[in-house]
Amino acid sequence: MAQAAFEEIVEDFEFLEDWEDRYRYVIEQGKAMDPLEDALKVPATKVDGCASQVWLHPQIDGGVFHFDGESDAMIVNGLIAVLRKLYNGVPVAEVLAVDARGELERLGLNDHLSAQRSNGLRAMIERIRTVAAAA
């Protein structure tokens, strides 16, 4: 089961009928995030496999997973925001059980992202899973 914040995105997507509106919605989600501190934009937080610059800064506090992130591409920043709503607040022990691909399919993102963006999204999810598995 997805986080309540992600369920809100699913519900909002149901009201947005065309993909252009959904695309704008995802971009707006990214614009609403606080920017990542420049000090956190280092090689250790950079995600390889993305066409754009992407940094994820995961944190585990009290056994609960959270991450912040940023990209230099507006749509990717939006995808980071969507992933934050899917993963933030999940007990770290349950992060690997999140079916990110299945949850994102509910939004229809897979059908509307370029191959490069899809690969980048997979790379971000893999980074999240790797951090959680190592915790």
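How many cavities of 30 Å³ or more does a search of the whole structure find? Here are a few points to go with the model, which is a predicted one.

1. The search turns up one cavity of 30 Å³ or more. The largest cavity holds about 50 Å³ of space.

2. If you would like to select its lining in your viewer, the residues around the largest cavity are C50, A51, S52, V54, V76, L79, Q116, R117, G120, L121 and M124. Two elements, α3 (74-87) and α5 (115-134), each give two or more residues to this lining. The largest share comes from α5, with five residues.

3. On the chemistry of that lining, the count by class is seven nonpolar, three polar and one charged residues.

4. Now to the helix pair at the start of the chain. Two packed helices are described by the angle between their axes and the distance between the axes. For helix α1 (residues 4-15) and helix α2 (residues 19-31), the axes come within 9 Å and cross at roughly 150 degrees. Angles over 145 degrees count as roughly antiparallel, and α1 and α2 are therefore roughly antiparallel to each other. Their crossing is right-handed.

5. Lastly, the annotation. An unreviewed UniProt entry places the feature "domain: Fe-S metabolism associated" at residues 10-130. Over residues 10-130, the model's chain is 45% helix and 15% strand. The C-alpha atoms at the two ends of that stretch are 26 Å apart.

Notes
Residues numbered from 1 in each chain as written. Predicted model: local features only at pLDDT ≥ 70, side-chain atom pairs only at ≥ 80, totals over all residues. Heavy atoms only, no water. UniProt positions renumbered as here; feature names shortened; annotations may be inferred. Helix = DSSP H or I, 4+ residues; strand = E, 2+ residues; numbered from the N terminus. 1 Å grid on protein atoms, 1.4 Å probe; cavity = no way out; pocket = protein on both sides within 12 Å on 5 of 7 lines; lining within 4 Å. Points joined across faces, edges and corners; volume = space filled by probe spheres on them. Nonpolar A, V, L, I, M, F, W, Y, C, P; charged D, E, K, R; others polar. Axes fitted to C-alpha atoms, helices over the stretch in contact; angles between N-to-C directions. Parallel < 35°, antiparallel > 145°, perpendicular 65-115°, else oblique. Left-handed = near helix turned anticlockwise from the far one by under 90°.
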